[in-house]
Amino acid sequence: MVSPTQMLLAPSQALLFLTHSYDYIILGGGTAGLTIAGRLSEDPSVTVGVIEAGNNEIDNPLVYTPGLFGAALGSEIDWGYKTVPQPYLGNRKIDAQRGKMLGGSSGLNFLMWDVASAPEYDWGHGWHFDVISKGWRAAEKLLKPQVETELQPPSGADSKLHGKEGPISLSFGTWYPKITNLFMPTLKALGIKLKGDHFGGDNTGAYYVLASVDPKTARRSYSASAYLEPNRHRKNLIVLTGAHIDKVILKDKRAIAVDFIDDKGQTHRAELRNDKSEIIISGGTYGSSAILERSGIGKKSVLEAAGIDVIVRNENVGENLHDHSFCPIGFELIPGIDTVDLLQTNASFLAAAQKEYKNNRAGPLASTLWSMTMLQLEKVMPKEKIQSLIDEYGSKSPNPFDWFALPRDTNGKSAVAQVEVLWPAFKMQAPTPSPGKTYITMLPLLMHPLSTGVVHIDSKDPLKSPIIDPKHYSHPLDKQVMVAGAKWALNYIKTEPLRSVIGRQVDITGDTDESIWDYCKMNIENCKHPVGTCALGTVVDGRLRVKGVKGLRVADASIMPHLVSAHTQATVYGIAERAAEMIKQDRRGK
């Protein structure tokens, strides 16, 4: 038996991983994978193995420092994926970053903890708001900040809507730039409702954002630090890092083993213990469908083109890709308004921030994004325009009503939000901030795109990245909504009291729909919230079992049938917690 100190295996220890047969092998030690591993290994009678391509980055300051969110994008702990050229976005290849480490993208994301409105979780097959929210509450540990500041806004967290004993620490920030105090009054002037806590099933309106930050340490709380690190003493949980998944081995359409490649390029096979054992694929929306395809499960034309025998034909694997997208619009502030831009341009500000973070676990480096608003379509678009879009696209597939892209009629308000707007107090666009200058960036985000893409392999080589084509803005409705969202954001900037601190607009020139779209199509990025390629009902059943195969499940964002109006982190934890509960139930025969 591996000793507790050997539970987390280095890339060179692949042979030690193979000394076990496993009740569960989890393919991918990311957000969902480590959550499930932590929960399944609570039962000492089972042995759980995890295979992860990345390494343990728990002591990497680019990972654990909240205020450095985004700094690791493009680094060696990012898979570095890019889409194929997107013809509706200036034929650009769009970055599609994912975390390559224990913890996956929960170690790379912007730490935002928010959820969508209840109807968006009516996925069918036994999945709905009540069961998914039970999952994310099981993950939550809501904490108060350790440091109070005069700029701290009211938390707005309703303790009845949150978990208190889960592994993931949640808190509101302890440092806010003074401009933060202008955001909510400006929204109120525009008729946007201000709310305390949006976790009760309606996320429309404006609110301060929880972050996955432990206020006691001012460090990121993510699946590696919360579900793995406290459980490294468990003798029944063995995690191998630096190993790439090749394929699942099937015998009579039952999963029996997995082939993986170690750090020296050698292929190994890890086997399941018996016919009650299972493999759980948690490779993320890009990785999970690729593993299925390399295993002979997928679309016939894709598998044959890659030279892979078709074992289980499923034309839906790798299809149904969706992602949020945003367009950054920058503004220079008047002199004297401090923002986190100064971390890049002012050595004294940076030194003070580093000292504050080290000594008091506070300051800009302990901070994340602060507030946001979720807007229904009628908040950003005239009623007459919405009706014309309903008339034009309402009868076309995919159903824009079921996917929440359009309201069913214009007599009442939309059921859910269609546009999110963020306003980070820093410059997002190149070039880097000018010395002595500070900025705000408006970010309109499209929540329910009708454009649908694909992710497929074109080779049986597991070291080759999949081909990612989200087909951004291929559906014309998406363009209409993004332009409307950008126009709303421009109007927000021009509204008092926020207007009083705006110096000049640095990005968009012109205010017509055409000029706004000309800018947007060359600057839109995806939000790194991909979902849908192993969707409920088409690829997996309600218990996340891969259709046509025994002993094989998928559990991560890829099972979501469509996007929700939220950053996906909390939802994925909810999926993972629900998956672990179901797997335990099925083992007990319930």
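**Exercise 1.** What should helix H13 (residues 476-493) span at 1.5 Å a residue, and how far apart are its end C-alpha atoms?

*Solution.* The model is predicted: local features need pLDDT of at least 70, side-chain atom pairs count only at pLDDT 80 or more, and totals for chains, interfaces and linings use all residues. Residues are numbered from 1 along each chain as its sequence is written, and side-chain values use heavy atoms, leaving out hydrogens and water.

Step 1. Helices are DSSP runs (H or I, at least four residues), numbered from the N terminus. H13 has 18 residues.
Step 2. The expected span is 1.5 Å times one less than the number of residues. For H13 that gives 26 Å.
Step 3. The end C-alpha atoms of H13 are 27 Å apart, which agrees.

**Exercise 2.** State how many residues of H13 are buried.

*Solution.* Buried means under 20% relative accessible area, exposed over 50%, partly exposed in between (1.4 Å probe, protein chains only). In H13, 13 of 18 residues are buried, so the helix is mostly covered.

**Exercise 3.** Classify the partners in three salt bridges (a side-chain nitrogen of Lys or Arg within 4 Å of a carboxyl oxygen of Asp or Glu).

*Solution.* The structure holds 29 salt bridges.

Step 1. Lys160 pairs with Asp158 at 3.2 Å. Lys160 is exposed at 68%; Asp158 is partly exposed at 26%.
Step 2. Arg408 pairs with Asp402 at 2.8 Å. Arg408 is exposed at 55%; Asp402 is partly exposed at 42%.
Step 3. Asp541 meets Arg545 at 2.8 Å. Asp541 is partly exposed at 21%; Arg545 is partly exposed at 36%.
Step 4. Shared partners join Arg39, Glu42, Glu577 and Lys584 into one salt-bridge network.

Definitions and conventions. Helices (H or I, at least four residues) and strands (E, at least two) are DSSP runs, numbered from the N terminus.
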